[in-house]
Amino acid sequence: MAIIGNPKYAERIDHHLAKYETKRSAVMPLLFIAQEEYGWVNAEGIDEVAQILNLDPTQVKSIAGFYTMYSERPKGKYWLQVCTDLPCALKGADDFHAWLKDELGVEEGGTTKDGMFTVEHVMCLAACDKAPMLQCNFHYVENLDQDKMRELLAKWRLEAAQAANGRG
Amino acid sequence: MHILLRGRDIENIKQLDVYEGHGGFAGLQKALAMTPSEVIDVVKASGLRGRGGAGFPTGVKWSFIPQHEPVKFVTVNADESETGTFKDREIMEENPYQLIEGSLICAYAIQAKAVYIYLRGEFWDIGDQLDECIESLRAKGYVGENIMGSGYNCEVYTHLGAGAYICGEESALLNSLEGYLGQPRVRPPFPAQKGGGLYKEATVVNNVETLANVPFILSEGADAFKAIGTEQSTGNKIYCVSGHVKRPDNYELPMGTTFRELLYEQAGGPLYEERPFKAMLPSGGSGPIVPLTDEVLDTPMSYEDCANIGTIIGSASIIVMDETVDMTWVASKVTKFFQHESCGKCTPCREGTYWLDKVIDRILDGRGSPEDVKRIADVAENMAGTTLCALGDFAANPIIHTIRHFPDDFARHVQT
């Protein structure tokens, strides 16, 4: 599918185009929409955003490359970003991050073979009183430990399996 | 008494009818009955200073906006990204209408056309909640045309960033909001001037916590606000406490409360009884680290008193470390943060943070020499004051001050 002409996004795109003084200001929200459609910010998404905003694709790509929340390559179904910044690290986040990569058998930034999980570390997420924590597809999961994390991984695997079977 | 974290006292204050039932929008109503310059005078008289870190007097900032300019904007800095800071998040999650009311009072005071709330991209769920709040407010005549029957029109919008610390710097934030790279601008012109703000129009950029104080100042009066805190640091402040304490959390207390009261009475003291406190970063990764001596513990948390102990209160994101923590490791952690977050525009910061990170890694690996410690101090000192924004200074702080206060922690790694 595409984002241009896709009824799923039409209203949101119009909202963003209307709220700013210039079209160009809508580049960030539109990149999020492209990422939602394609799973990552691919060339098609860049081209469509550029077309909507009358920008050159290179200008859009430079914005996508500047920010960490736009993914320039495909990620797993669950994109796990573990905060390992100082306050979280004082509460064991480095060990937790290393354990999680081991548990899933991935390197930093890697994705599990079944395409389910991508694990990477990120800078402070403003949840320092609830460390260790991570962000899963942009939603916070806090006060983690190994047991809680194993339960979550099982839950997400089940969710994905149910969705694949059309029962989700 | 909570002025800001009222979600802790009043159940469901995040619902509009409950917020209204507890004095919500009395401040805005009062402001709308005054002239814009009278509103600015009240905020000036309150002594409120910016809560994002710089501590600049809020009313003075508003008064810089040229009244004759036809188009003006308010931008709310909700990019909360300083390491150890998680206060704006609680305000927006638990007491969102108070932030919007404060923003509208600011907007009226400078006669702004619109308010843009710039949220860090990770605050995805908060952005959705604020959008719902804005729609409820529009339905009841608090946002949009003819606000509360006053004839004043103002729109409120949210904008999500996408993961870049630098966008908390006001000119980078404005660039990002305009769809350009989130990099700082050359100033002057400053945001408050024509040519320097959002879409080149005069713009006030204020932190979330700053604006959340404003409804109280209008409804209760500047004197009620000034009665809290110290002479130069008025009102309450939210202190974000993290690291090795028993109860990491946000604590809203008067400015001028001592570090001892905060860290022992409120936060419960050291996380492990047998491991006393060693040091703290009182303003996240960007402010100078200080050893937690008795003198420091007895210092009031105010702009003026923190200067006396060689640090800043800044955003009051207090990261506490006990005696087991190696300060070379801390310098490395904080440097990695700034290396990652440097936007790349200014050479001293881009190259400096990169090389500092490399050399500290070498020291931590046991491959460094005593000259390396001198070298990083030298690099850090040469970065400070040479960049367009404060990130270059911030990145120098963790090196300069950890070496100054904890030379043994570095010496241990470089003994041959």
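In the predicted model, helix H8 of chain B, which covers residues 170-177, is largely enclosed by the rest of the structure, because eight of its eight residues are buried. The buried positions are B:Glu170, B:Ser171, B:Ala172, B:Leu173, B:Leu174, B:Asn175, B:Ser176 and B:Leu177. These buried residues of H8(B) pack against four strands of chain B, namely E1 (72-78), E2 (114-119), E3 (155-160) and E4 (202-207). After H8(B) comes B:Gly179, which has a positive phi near 90°.

Chain B is divided into three domains, with domain 1 comprising residues 6-226, domain 2 residues 236-322 and domain 3 residues 327-414. The C-alpha centres of domain 1 and domain 3 of chain B are 35 Å apart, and contact between these two domains involves nine residues of domain 1 and eight residues of domain 3. On the side of domain 1 of chain B that touches domain 3 of chain B, five residues are nonpolar, three are polar and one is charged.

Two helix pairings that share H15(B) were then examined. Packed helices of this kind are described by the angle between their axes and the distance between the axes. Helix H15 (residues 347-364) of chain B packs with helix H16 (residues 370-383) of chain B at an angle of about 165°, and the two axes are 10 Å apart. H15(B) is therefore roughly antiparallel to H16(B), and the crossing of the two helices is left-handed. From H15(B), the residues that meet H16(B) are B:Pro348, B:Cys349, B:Gly352, B:Trp355, B:Leu356, B:Val359, B:Ile360, B:Arg362 and B:Ile363, and their counterparts in H16(B) are B:Asp372, B:Val373, B:Arg375, B:Ile376, B:Val379, B:Ala380, B:Asn382 and B:Met383. Divided by class, this contact of H15(B) with H16(B) consists of twelve nonpolar, two polar and three charged residues.

With helix H17 (residues 391-405) of chain B, by contrast, the axis of H15(B) makes a crossing of roughly 25°, and the two axes come within 9 Å. Because of that angle, H15(B) is roughly parallel to H17(B), and here too the crossing is left-handed. The residues of H15(B) that take part are B:Pro348, B:Cys349, B:Gly352, B:Thr353 and B:Leu356, which meet B:Leu391, B:Gly392, B:Ala395 and B:Ile399 of H17(B). The contact of H15(B) with H17(B) contains six nonpolar and three polar residues and no charged ones. B:Pro348, B:Cys349, B:Gly352 and B:Leu356 of H15(B) thus appear in the contact with H16(B) and also in the contact with H17(B).

Helix H18 (residues 407-414) of chain B contains B:Asp409. B:Asp409 is partly exposed, because 19 other C-beta atoms lie within 10 Å, whereas a residue is counted as buried at 20 or more. When neighbours within four places in sequence are left aside, the contacts of B:Asp409 are with B:Asp326, B:Met327 and B:Thr328. The C-alpha atom of B:Asp409 is separated by 43 Å from that of B:Val204, which is 205 residues away along the chain.

Chain A has a secondary structure of seven helices and four strands, which follow the pattern α-α-α-α-β-α-α-β-β-β-α when read along the sequence. Its C-alpha trace spans about 50 × 40 × 25 Å along the principal axes, and 40% of the 168 residues of chain A count as buried. Of the contacts in chain A between residues at least 6 apart in sequence, 54% join residues that are at least 24 apart. Chain A is divided into domain 1 (7-66) and domain 2 (78-164), and the C-alpha centres of these two domains of chain A lie 28 Å apart.

Between the two chains, 31 residues of chain A are in contact with 38 residues of chain B. On the side of chain A that touches chain B, the elements contributing two or more residues are helix H2 (27-38), helix H4 (57-66) and helix H5 (86-89) of chain A. Of these elements, H2(A) gives the most to that side, with four residues. By class, the residues of chain A on the side that touches chain B comprise 20 nonpolar, six polar and five charged.

How values were computed: Residues numbered from 1 in each chain as written. Chains lettered and ligands numbered in written order. Predicted model: local features only at pLDDT ≥ 70, side-chain atom pairs only at ≥ 80, totals over all residues. Axes fitted to C-alpha atoms, helices over the stretch in contact; angles between N-to-C directions. Parallel < 35°, antiparallel > 145°, perpendicular 65-115°, else oblique. Left-handed = near helix turned anticlockwise from the far one by under 90°. Contact = placed C-beta atoms within 7 Å. Nonpolar A, V, L, I, M, F, W, Y, C, P; charged D, E, K, R; others polar. Buried ≥ 20, exposed ≤ 12 C-beta atoms within 10 Å, placed from the backbone. Domains from an automatic or database assignment.
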